[in-house]
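This briefing concerns a predicted complex and is meant to be read beside its sequence and coordinates.

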Amino acid sequence: MSRDRASRRLPVIITLVVGLMLAIMPLPDAVRSLRPDWLALLMIFWAIQLPRTWSVGTAWIVGIVLDVAYGTLLGQHALALCVVVFVTVRLHLLMRVFPLLQLTATVFALLALYQFILFWINGVAGVSSPSITYWGPVIAGTLIWPPVYLFMSGIRYRSRSGG
Amino acid sequence: MVASRGNNTNPARIPALGIRVIVLIIISILVMYFDHRENHLDGIRRAIGAAVYPVRIAVDAPSRLWRWLDESTTSRNDLELELGRLKAERLLTNARLQRLTALESENARLRALLEARNRVRDEVRVAEIIANDANAYEHNLVIGIGSRDGVYDGQAIVDADGVVGQVIETGIMTAQAILISDPDHAVPVVVNRNGLRTIAFGTGEFDRLELPFLPNNADIRAGDLLVTSGLGGAFPAGYPVAVVDFVTRMPQEPFADVTATPAAALDQIREVMLIWSTPAASEEETE
């Protein structure tokens with residue numbers, strides 16, 4: 001039982017670590033504002049697929065790690081990710097049967113919510129917030145969602161048949 | 001309670017999700033409050049930072065490998081050229097250094113005459129940059145030494161050409177630094193030519209600083225070197241910060257529009273130097 005559990009958790013943990021690497025990877029100036037929120041995408045995916053094991057608690061921990069990695073206010077990403085994953089878990093049955101286009105539109109809304117919460121906290125904390133490029137990650141995340149979704153589904157079903 | 005019992009009867013619902021999310025949101029808000037108001041959470045930050053350190057190393061590995069390959073496959077010819085260039089540079093620097101030693105002793109003598117406190121030389125240490133650009137609106141760096149090596153918050157960071165920034169957060173083996181080009185950063189400077197004091201603000205662009213508080217009649221012009229003034233205590237005095245490149249005076253505006261280019265190439269540095277200011281200097285600033 002516990003071995004079965006471990007083998008089911010491993011893919012999630014590995015993808016989250018890879019997501020963290022992508023999130024802090026140095027990028028050239030020009031494409032920096034188009035970096036998708038990888039961990040938000042991954043947490044949305046796992047919250048749709050395995051909402052019992054990976055929901056708001058995991059999201060909160062991932063968010064805190066992100067806050068430390070980015071040097072932002074401790075709790076900022078944690079709060080945003082937590083809320084986004086909460087909404088995802090609430091809608092997970094619906095999102096599972098959505099066609100890909102509709103799912104992508106929902107993910108766009110979730111990413112916009114995520115970025116808006118970050119934006120709002122920045123505003124309250126008095127951190128200078130930027131121009132239109134601030135919303136770049138939302139667009140980039142939405143565009144990258146379909147390939148990420150298909151790739152992650154591949155991982156998920158392979159690991160399921162293996163375990 | 002009623003709601004959660006209702007949830008349990010539905011197999012698709014996750015038990016107590018709503019309560020959990022509310023508790024986590026409250027915790028987040030409390031954590032943010034304490035992090036924002038006072039720095040009680042540095043220990044937690046440091047611990048998580050240490051856990052993230054291997055990931056940073058892994059992310060940096062490809063570019064490290066590339067640099068290593070690049071260095072180890074440089075041709076002999078290139079090496080000889082570089083060696084020649086470095087020798088010439090060393091000769092020049094040495095010559096300049098000789099004059100500097102004489103000037104330094106002369107300065108000390110004059111200061112003694114004026115009964116001013118002796119300015120002791122700053123200690124420096126080289127650190128490697130292991131990550132940069134954490135996000136697009138803050139210009140941050142992560143350097144490879146931390147509190148284990150005596151790095152402290154607020155410490156000044158320079159490179160061979162000029163001021164780079166200062167430490168804002170010290171981990172055990174890493175430290176996070178803010179660049180002078182960050183929109184939230186300001187550094188007190190003086191114009192080297194005439195001692196005019198002002199403040200240089202970051203703009204969010206690596207190659208531009210702004211000096212917003214200079215009146216129209218201020219004696220400043222393109223080409224002036226700005227050096228740290230040592231006021232405010234964060235940066236030791238006398239390090240080059242930037243060179244003024246445009247001064248636009250508009251008669252109807254109270255302040256001139258002055259921009260400057262940082263002396264250090266902020267987006268190209270690989271190594272930086274951390275400065276340990278001497279106790280004498282820190283005493284001066286508390287007085």
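The points below cover confidence, the contact between the chains and the nonpolar core.

Residues are numbered from 1 along each chain as its sequence is written, while chains are lettered from A and ligands numbered from 1 in the order in which they are written. The model is predicted: local features need pLDDT of at least 70, side-chain atom pairs count only at pLDDT 80 or more, and totals for chains, interfaces and linings use all residues.

**Confidence**
- The predictor assigns the complex an ipTM of 0.79 and a pTM of 0.62.
- Chain B has an average pLDDT (the predictor's confidence in each residue, from 0 to 100) of 80, and 86% of the residues score at least 70.
- In residues 1-9 of chain B the pLDDT is below 50; in residues 280-287 of chain B it is also below 50.
- Where pLDDT is low, predicted coordinates should not be read in detail.

**Contact between the chains**
- Chain B places 34 residues in contact (C-beta atoms, placed from the backbone, within 7 Å) with 37 residues of chain A.
- On the side of chain B that touches chain A, α2(B) gives the most, with ten residues.

**Nonpolar core**
- The largest nonpolar core (buried Ala, Val, Leu, Ile, Met, Phe, Trp, Tyr and Cys residues joined through C-beta atoms within 7 Å; buried means 20 or more other C-beta atoms within 10 Å of a residue's own) has 94 residues, of which Met43(A), Leu81(A) and Cys82(A) touch the most other members.
- Helix α3 (residues 38-49) of chain A, a DSSP run of H or I with at least four residues, supplies the largest share of this core, eleven residues.
- Leu81(A) touches residues including Ala40(A), Met43(A) and Tyr114(A), not counting residues up to four places away in sequence.

Technical notes:
A residue is buried if 20 or more other C-beta atoms lie within 10 Å of its own, exposed if 12 or fewer, and partly exposed in between; C-beta atoms are placed from the backbone. Helices (H or I, at least four residues) and strands (E, at least two) are DSSP runs, numbered from the N terminus. Two residues are in contact if their C-beta atoms, placed from the backbone, lie within 7 Å.
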